[in-house]
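Please open the model in a viewer and keep the sequence panel beside it. The tour proceeds by selections, with a short account of what is found at each stop.

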Amino acid sequence: MNVQTFTYSSKYEPSAPVVEIMVCKTGQTDNGVVLSALIDSGADATMLPITTLQTIGARYVETRQMRGVTGVALTVDLYVVMIQIGRQVIHAIRAVATQDDEAIIGRDVLNQLVVTLNGPAEVTEMSFY
């Protein structure tokens, strides 16, 4: 088992768990973009900046309705990507394209990993098998 540790980001108040990810077009690892992504266990889906998705040439899948924390429905575009965290590769993630520059890792990725949030130490541990 491989364990990787990530330090919380003080960019948020209070500080929040983040992870370094590489986002790639499905089937390619040579054209990836490295991002810091907020870990959000309350988010159903991963959300990535549209600029990142365009840079890697991610394949558009469809347009859907999404409800955020306010309950208001938004129209969003989904793209299929591959996400790498450490040596772990997660294939066929249907990421929501966002207009801002923040990346959010949701349960579609988190449910495939062992994640330990240690708030007092402000570190996240991810275990890969």
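Select A92 first, a residue of strand β7 in this predicted model. A92 is not a glycine, yet its phi is positive, at about 55°. Most residues other than glycine have a negative phi. Is A92 buried or exposed? Its relative accessibility is 52%, and A92 therefore counts as exposed, the cut-off being over 50%.

**A second positive phi**

Move next to E122, in the loop between β9 (114-118) and β10. Here too phi is positive in a residue other than glycine, with a value near 55°. E122 has a relative accessible area of 36% and is partly exposed.

With E122 still selected, add S10. The two residues are 112 apart along the chain, and 9.5 Å separates their C-alpha atoms. S10 belongs to the loop between β1 (2-7) and β2. At 69% relative accessibility, S10 is exposed.

**A cis peptide bond**

Stay in the loop between β1 and β2 and select P14, which lies there. Display the backbone from E13 to P14: this peptide bond is cis, and its omega is near -5°. Most peptide bonds are trans.

**The whole chain**

Now switch to a cartoon of the entire protein chain. How many helices and strands does the protein chain have? There are two helices and ten strands. Their order along the sequence is β-β-β-β-α-β-β-β-β-α-β-β. The radius of gyration is 14 Å, close to the 14 Å that the globule rule gives for 129 residues, so the chain is as compact as a globular protein of that length. Along the principal axes, the C-alpha atoms occupy a box of roughly 40 × 35 × 25 Å.

Among contacts between residues at least 6 apart in sequence, 55% join residues at least 24 apart. Colouring by burial would mark 42% of the 129 residues as buried. A surface display covers about 7300 Å² of accessible area, and carbon and sulfur atoms account for 48% of it. If charged residues are coloured, note that the mean positions of the 8 positive and 13 negative charges are 10 Å apart.

**The nonpolar cores**

Hide the surface and select V19, I21, L48, V81, I85 and M126. These are the residues with the most contacts inside the largest nonpolar core, which has 28 residues. Which elements each supply at least two residues of this core? They are β2 (18-25), β3 (33-39), α1 (50-56), β6 (73-85), β7 (88-98), β8 (103-105), α2 (107-110) and β10. Another core, of ten residues, lies apart from this one; Y12, L38, A43 and M47 are among its members.

Centre the view on V81. Beyond its neighbours within four places in sequence, V81 is in contact with a set of residues that includes V23, C24, L48, L53, I56 and I93. A92, the opening stop of the tour, is also one of the contacts of V81.

**Three buried residues**

Select L35 in strand β3. L35 counts as buried, with 16% relative accessibility. Neighbours within four places aside, the residues in contact with L35 include V19, I21, V23, L48, T52 and A103. L35 and V19 are 16 residues apart in sequence, and their C-alpha atoms are 8.3 Å apart in space.

Go on to L110 in helix α2. L110 is buried, at 9% relative accessibility. When residues up to four places away are not counted, L110 touches I39, D40, S41, I105, V115 and M126. To relate L110 to D44, draw a distance between their C-alpha atoms: it is 9.7 Å, for a separation of 66 residues in sequence.

The last selection is T124, found in strand β10 (residues 123-128). Is T124 buried or exposed? Its relative accessible area is 0%, so T124 is buried, the cut-off being under 20%. Which residues surround T124, leaving aside its neighbours within four places in sequence? T124 is in contact with Q4, T5, F6, Y8, P17, I39, V115, T116 and L117. Two of these names, I39 and V115, were also met as contacts of L110.

Key
Residues are numbered from 1 along each chain as its sequence is written. This is a predicted model: local features need pLDDT of at least 70, side-chain atom pairs count only at pLDDT 80 or more; totals for chains, interfaces and linings use all residues. Side-chain values use heavy atoms; hydrogens and water are left out. Helices (H or I, at least four residues) and strands (E, at least two) are DSSP runs, numbered from the N terminus. The radius of gyration is taken over C-alpha atoms; the globule rule is 2.2 Å times the number of residues to the power 0.38. Buried means under 20% relative accessible area, exposed over 50%, partly exposed in between (1.4 Å probe, protein chains only). Contact means heavy atoms within 4.5 Å. Accessible areas come from the Shrake-Rupley method with a 1.4 Å probe; for residues, only the protein chains shown count as cover. Lys and Arg count as positive and Asp and Glu as negative; His and the chain ends are not counted. The place of a charge is taken as NZ of Lys, CZ of Arg, CG of Asp or CD of Glu. A nonpolar core is a set of buried Ala, Val, Leu, Ile, Met, Phe, Trp, Tyr and Cys residues joined through side-chain atoms within 4.5 Å.
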